[in-house]
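User: I would like to learn how to read charged pairs in a protein model. Could you take me through the one shown here?

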Amino acid sequence: MTINIYIPRDAGALALGAEKVAAAAREEIEKRGLDAKIVRNGSRGMFWLEPMVEVQTAEGRVAYGPVKPGDVAGLFDAGLIEGGAHDLALGRPEKIPFLAKQTRLTFARCGIIDPVSLEDYEAHGGLRGLRNALEKTPLGIVEEVTESGLRGRGGAGFPTGIKWKTVHDTDDPQKYIVCNADEGDSGTFSDRMIMEGDPFVLIEGMVIAGIATGATRGYVYLRSEYPNVHRILNEAIDAARAAGMLGKSVLGSEYAFDMEVRVGAGAYVCGEETALLDSLEGKRGQVRAKPPLPAHEGLFGKPTVINNVISLASVPIILDKGGAITAISAWAVRAAPFRSRSPAM
Ligand SMILES: Cc1cc2nc3c(=O)[nH]c(=O)nc-3n(C[C@H](O)[C@H](O)[C@H](O)COP(=O)(O)O)c2cc1C
């Protein structure tokens, strides 16, 4: 059986030399004639251990890190592909104290799956939320999200269900879902981590938002400083379209939804939702006066849901596990960390 060796492709690991580590590992596999393949995963978020290399063994994964290109031959000499002992061995990644204390929901697949493999995504619980959503009415989906207590993760903490209901209740034939992936606050990388490690969860969340509100088109407004996310998201969107998760008939249903990524030009203010809309429309990003709310007159004057990456990426989990169950877990009921910004909708 081919052994999987996981080497992250997210920006943090790449900055720490993951590309050279992967090239060295590929060379060793070839030189030694091993039945092993390299899978480029996302990061589990333990950047002090990156590049963290994991190998699939019969007992589960075994991790090594931080691995430098010069360590690779020695790791193979020590029997890396059987999880052999080495100074850099970290044991089972789930048992590393930082991870052992966590129950991950939205980030559950980060660092575990190949981020651009829809097959891997489904094998780890992906698409269950969308399939459940397709069994409900649009209003039923909105109610599930409302019941979960999900509050916007972009800073203002506005209840997502109320925002969606406002767009749902408009009767315009053209509505939009916009994902705020500007992640402008210094030192924040959680949006990036999810988009690099599990982009399908964001795509699935946007599709569900479209079905719930009657929007058929989505845009991810991505900060220009994330070229690696741009590549990964586009790869995932192409795969989702090829598999019928996006397009004229989402998973064979009566609902149409498609989406694309638009890259900003590097202005902090364009993370503010109405300036973001101006920028998406090709104008200089300037904050609009409210009302009208974007939910009534947003992108190109049409009813628009604007949500942060993690708000949208939480939705498939809510639709999978149920709004009532997710409402009692701390991640949903706790208000999003407050940042001094105007309330938004
Ligand atoms: C100056 C300014 C910058 C902002 N930057 C971001 C940002 O980078 N990412 C983000 O998600 N929200 C940002 N916001 C908040 C958005 O305006 C808006 O509240 C958010 O996109 C709504 O999504 P949510 O309800 O899912 O949180 C910013 C707000 C202000 C006032």
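**Reading the salt bridges**

Analyst: In this predicted model, a salt bridge joins E260 and R262, whose closest N and O atoms are 3.0 Å apart.

User: What relative accessibility does E260 have, and how does it count?

Analyst: The general idea is that side chains of opposite charge can pair when their charged atoms come close. In the present case, E260 has a relative accessibility of 25% and counts as partly exposed, and its partner R262, with a relative accessible area of 33%, is partly exposed as well.

User: Which residues are joined into one network by salt bridges that share partners?

Analyst: That network holds R44, E54, R61, R92 and E94, joined through salt bridges that share partners. One of its links runs between R44 and E54, with 2.8 Å between the closest N and O atoms. This pair connects distant parts of the chain, since R44 lies in the loop between β2 (36–39) and β3 (53–57) while E54 belongs to strand β3, 10 residues apart. E54 also meets R61 in a salt bridge, at 3.6 Å from N to O.

User: Are R44 and E54 buried or exposed?

Analyst: A residue is called buried when its relative accessible area is under 20%. R44 has 7%, so R44 is buried, and E54, with 1%, is buried too. R61 likewise counts as buried, at 9% relative accessibility.

User: How many salt bridges does the structure hold, and how many charged side chains of each sign does the protein chain have?

Analyst: There are 25 salt bridges in the structure. The protein chain carries 39 positive and 44 negative side chains, and the centres of these two sets lie 3 Å apart.

User: Now I would like to step back to the whole chain. How many helices and strands does the protein chain have?

Analyst: The protein chain has 15 helices and nine strands. Its radius of gyration is 21 Å, close to the 20 Å that the globule rule gives for 345 residues, so the chain is as compact as a globular protein of that length. Along the principal axes, the C-alpha trace spans about 65 × 40 × 35 Å.

User: What share of the residues is buried, and what share of the contacts comes from residues 24 or more positions apart?

Analyst: Of the 345 residues in the protein chain, 55% are buried. Among contacts with a separation of 6 or more, 73% are between residues 24 or more positions apart. As for the outside, the accessible surface of the protein chain comes to about 14,700 Å², and 54% of this surface belongs to carbon and sulfur atoms.

Notes:
Residues numbered from 1 in each chain as written. Predicted model: local features only at pLDDT ≥ 70, side-chain atom pairs only at ≥ 80, totals over all residues. Heavy atoms only, no water. Salt bridge = Lys/Arg side-chain N within 4 Å of Asp/Glu carboxyl O. Helix = DSSP H or I, 4+ residues; strand = E, 2+ residues; numbered from the N terminus. Buried < 20%, exposed > 50% of the residue type's maximum accessible area, 1.4 Å probe, protein only. Rg over C-alpha atoms; globule rule 2.2 N^0.38 Å. Contact = heavy atoms within 4.5 Å. Areas by Shrake-Rupley, 256 points an atom, 1.4 Å probe, with all protein chains shown as cover. Lys, Arg positive; Asp, Glu negative; His and termini not counted. Charge placed at Lys NZ, Arg CZ, Asp CG, Glu CD.
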